[in-house]
Amino acid sequence: MTTWGHLRTEDVPAWAELTNLLARVDETEEFYEPEDLAEELTEHGFTPELDSWTLWEAEQLVGYGQLRLRQDHQGDVVAHLGGGIHPDHRGRGLGRVLMDRMEARAVELGDQRHPGARQLWGASGNLEGASVRPMLEHRGYRPVRWWNEMKQLLPATVEVPEVDALLVSPTDEHQEATRLAHNEAFRDHWGSGPTTPERWADSWTARSNRPALSTLALDADGSVLAYVMVGQWVAGEAYVNLVGTVPAARGRGLAHAALLRTIGRAEGYESISLDVDSHSPTGATRLYEKAGFVLSKTTASYQREALRR
């Protein structure tokens, strides 16, 4: 018998075990430590009692779901429906029921926060051939974007070019300036939306954040022109969360120089990786290839317009 609940602090060890099993079975390699997942329960805008789901078989967690809501720069409300079902319990319709519950909550939450706005549902389609794709397509979801994971083995010999900006590692004094730069830099990126100070603080103060590896390119007045923000979830593996350049500073090689500085600072790491939109308007894939990154895998984002039942 399946018992439904929501994610709680005491569920974190079982949640981490299931999450890491899915990372291996579905080959996403999205591994998490329990401490990192615990932080998600306190993120701004996320209410675990309403926006998360757990499925238990006796004492075993066999599935979970999470709903996150954001508004993009075009004003559309996008609900990301995340989670997964234990491979031994697939084929029983649990994923379908979980999606039903997440979609219904997405409409409710979207109406509360952004009444009258167009609503979209989104979910990860993982790798080509993933078992989740037929289920999503049956529900009317379609692939709308592909993401290239690119990786570079370390150590790597890099030479940081001279640029007309100061390259530094971020400190707390740069938090707000970097948020403003990020919102400006990603204004023309697909699916992106403005990040609030509260949501930005969640990532800035996260256990996974690695400011010593990150790099900012600063103007003479201290404003952020470009940035490379790095995190770590797996020992020995650095992950580039964000790379951006404000539109007025593009074409000056700032992001390239900042990225090379970050690579050069990753002493003791075995690899550094990132995900990039394969249709990025700024030609980001070329930037990363120039910095020594190579394609390791491709995943897809699925989406559909919200359905009111």
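These legends accompany several close-up views of a predicted model.

**View 1. The sheet, from edge to edge.**
Let us begin with the sheet, where 12 strands form an open arrangement with mixed pairing. Their order is E1-E2-E3-E4-E5-E12-E6-E11-E10-E9-E8-E7. Which strands stand at the edges? They are E1 (2–5) and E7 (166–168), and each has a single partner strand, so one side of each is left without a neighbour in the sheet. From one strand to the next, the twist averages 25°.

**View 2. Strands E6 and E11 side by side.**
Here we look at one pairing within the sheet. Strand E6 (residues 142–153) and strand E11 (residues 271–277) run antiparallel and are joined by 7 bridges. If you would like one pair to find, take Leu153, whose bridge partner in E11 is Ser271.

**View 3. Helix H1 across the strands.**
Helix H1 (residues 12–25) lies across E2, E3 and E4. How is H1 angled relative to E3? The helix runs at about 85° to that strand. A good residue to pick here is Leu61, found in strand E3. With a relative accessible area of 6%, Leu61 is buried, since the cut-off is under 20%. Leaving aside neighbours within four places in sequence, Leu61 is in contact with Ala14, Trp15, Leu18, Thr54, Leu55 and Trp56. For a sense of scale, the C-alpha atoms of Leu61 and Leu213 are separated by 36 Å, and the two residues are 152 apart along the chain.

**View 4. Helix H8 on the sheet.**
Helix H8 covers residues 254–265, 12 residues in total. From its first C-alpha to its last, H8 reaches 17 Å, close to the 16 Å expected at 1.5 Å a residue. H8 packs on the sheet, where it touches E6, E7, strand E8 (215–218), strand E9 (224–234), strand E10 (237–245) and E11. The direction of H8 makes about 35° with that of E9. Is H8 largely enclosed or largely open? Of its 12 residues, 10 are buried, so H8 is largely enclosed by the rest of the structure. Among the buried residues are Leu254, His256, Leu259, Arg261 and Ile263.

**View 5. The largest nonpolar core.**
Now for the packing of nonpolar residues: the largest core has 23 of them. Which residues have the most contacts inside this core? They are Leu67, Ala79, Leu81, Trp121 and Tyr141. At least two residues each come from strand E2 (52–57), strand E3 (60–71), strand E4 (77–85), helix H4 (94–113), strand E5 (119–127) and strand E12 (294–305). H4 gives the most, with 7 residues. Zooming in on Ala79, and not counting residues up to four places away in sequence, you will find that Ala79 touches Leu67, Arg68, Leu69, Ala106, Leu120, Trp121 and Gly122. A second, separate core has 22 residues, including Ala255, Ala258, Leu260 and Val276.

**View 6. Glu40 and Arg68, a salt bridge between distant parts of the chain.**
The model has 21 salt bridges by the rule used here. In this one, the side chains of Glu40 and Arg68 meet at 2.9 Å, N to O. The pair links distant parts of the chain, with Glu40 in helix H2 (residues 34–40) and Arg68 in strand E3, 28 residues apart. Glu40 has 12% relative accessibility, so it counts as buried. Arg68 is partly exposed, with a relative accessible area of 23%.

**View 7. Salt bridges at helix H4.**
Within helix H4, Glu108 forms a salt bridge with Arg105, the closest N and O atoms being 2.8 Å apart. These two residues are 3 apart in H4, about one turn of the helix. Glu108 counts as partly exposed at 42% relative accessibility, whereas Arg105 counts as buried at 9%. Helix H4 also holds Asp111, which is linked to Arg308 in the segment after E12, 197 residues apart. The closest N and O atoms of the Arg308 and Asp111 salt bridge are 2.8 Å apart. At 31% relative accessibility, Asp111 counts as partly exposed. Elsewhere, salt bridges that share partners join Arg8, Glu10 and Asp11 into one network.

Technical notes: Residues are numbered from 1 along each chain as its sequence is written. This is a predicted model: local features need pLDDT of at least 70, side-chain atom pairs count only at pLDDT 80 or more; totals for chains, interfaces and linings use all residues. Side-chain values use heavy atoms; hydrogens and water are left out. Helices (H or I, at least four residues) and strands (E, at least two) are DSSP runs, numbered from the N terminus. The expected span of a helix is 1.5 Å times one less than its number of residues. Buried means under 20% relative accessible area, exposed over 50%, partly exposed in between (1.4 Å probe, protein chains only). A nonpolar core is a set of buried Ala, Val, Leu, Ile, Met, Phe, Trp, Tyr and Cys residues joined through side-chain atoms within 4.5 Å. Contact means heavy atoms within 4.5 Å. Two strands pair if DSSP finds at least two bridges between them. Axes are lines fitted to C-alpha atoms, for helices over the stretch in contact, and angles run from 0 to 180 degrees between N-to-C directions. A salt bridge is a side-chain nitrogen of Lys or Arg within 4 Å of a carboxyl oxygen of Asp or Glu.
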